[in-house]
Amino acid sequence: RRRRQRQHQQEEPQVTTPFTCANGDGIGLLNDNYCDCSDGSDEPNTSACSRILVQKRVFACQDNANTFVFTSRVGDGVKDCPNGRDEE
């Protein structure tokens, strides 16, 4: 009998977009999971700038209930949005 081999899916590299910081501080990469801007404006959909943005910015779950969670909870391994969008 022949054994089937598992095919491992390789993650596609994330495409990031150059971004001018809202405070004019410089240029960063948008949502690359690294806080480039001192005001945290380059990471609206990740938790990378959570130390700066704690309880200041929110992430829209885009669900029927219009749920919002703090950006510090995005990408932390825990589904806080009812639809799990904060962990996609």
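## Val78 and Gly75, after the last strand

Val78 is partly exposed, with a relative accessible area of 45%. To find Val78, look in the segment after E4. Setting aside residues up to four places away in sequence, Val78 touches Arg73, Asp86 and Glu87. Keep in mind as you look around that this is a predicted model.

Gly75 also belongs to the segment after E4. Is Gly75 buried or exposed? Gly75 counts as exposed because its relative accessible area is 55%, and the cut-off for that label is over 50%. Once neighbours within four places in sequence are left out, Gly75 is in contact with Asp86 and Glu87. Gly75 and Asp86 are 11 residues apart in sequence, and their C-alpha atoms lie 6.1 Å apart. Asp86 and Glu87 thus turn up among the contacts of Val78 and among those of Gly75.

## The overall layout

Now for the whole chain. The protein chain holds one helix and four strands. Starting at the N terminus, these elements follow the order β-β-α-β-β.

Of the 88 residues in the protein chain, 25% are buried. The accessible surface of the chain is about 7100 Å², and carbon and sulfur atoms contribute 43% of that area. Among contacts with a separation of 6 or more, 8% join residues 24 or more positions apart.

## How confident is the prediction?

The protein chain has a mean pLDDT of 80, with 77% of its residues at 70 or more. Strand E2 (residues 27–30) has the highest confidence, at 90, while helix H1 (residues 50–53) has the lowest, at a mean of 75. Over residues 6–10, the pLDDT is below 50, and this stretch makes zero contacts in the model beyond near neighbours in sequence. Predicted coordinates should not be read in detail where pLDDT is low.

## A nonpolar core and a nonpolar patch

Which residues form the largest nonpolar core? This core has five residues: Phe59, Cys61, Val69, Val74 and Cys81. Phe59 is a good place to start exploring. Leaving aside neighbours within four places in sequence, the contacts of Phe59 include the core residues Val69, Val74 and Cys81. Phe59 is also in contact with Pro44, Asn45, Thr67, Phe68, Thr71, Arg85 and Asp86.

One of these partners, Phe68, is located in strand E4. Together with Val58 and Phe70, Phe68 makes a nonpolar surface patch of about 280 Å². Phe68 therefore has over 30% relative accessible area, as patch membership requires, and Phe68 is also a contact of the core residue Phe59.

## Two residues with positive phi

Asn31 and Gln62 are worth a visit for their backbone angles. Asn31, which is not a glycine, has a positive phi near 55°. You will find Asn31 in the loop between E2 and H1. With a relative accessibility of 22%, Asn31 is classed as partly exposed, because that label covers values between the 20% limit for buried and the 50% limit for exposed.

Gln62 has a positive phi of about 55° and is not a glycine either. The loop between strand E3 (58–60) and strand E4 (68–70) is home to Gln62. Where does Gln62 stand on the scale from buried to exposed? At 59% relative accessibility, Gln62 counts as exposed.

Notes. Residues are numbered from 1 along each chain as its sequence is written. This is a predicted model: local features need pLDDT of at least 70, side-chain atom pairs count only at pLDDT 80 or more; totals for chains, interfaces and linings use all residues. Side-chain values use heavy atoms; hydrogens and water are left out. pLDDT is the predictor's confidence in each residue, from 0 to 100. Contact means heavy atoms within 4.5 Å. Buried means under 20% relative accessible area, exposed over 50%, partly exposed in between (1.4 Å probe, protein chains only). Patches are made of residues with over 30% relative accessible area and no salt bridge: like charges are joined within 9 Å, nonpolar side chains (Val, Leu, Ile, Met, Phe, Trp, Tyr) within 5 Å. Accessible areas come from the Shrake-Rupley method with a 1.4 Å probe; for residues, only the protein chains shown count as cover. A salt bridge is a side-chain nitrogen of Lys or Arg within 4 Å of a carboxyl oxygen of Asp or Glu. A nonpolar core is a set of buried Ala, Val, Leu, Ile, Met, Phe, Trp, Tyr and Cys residues joined through side-chain atoms within 4.5 Å.
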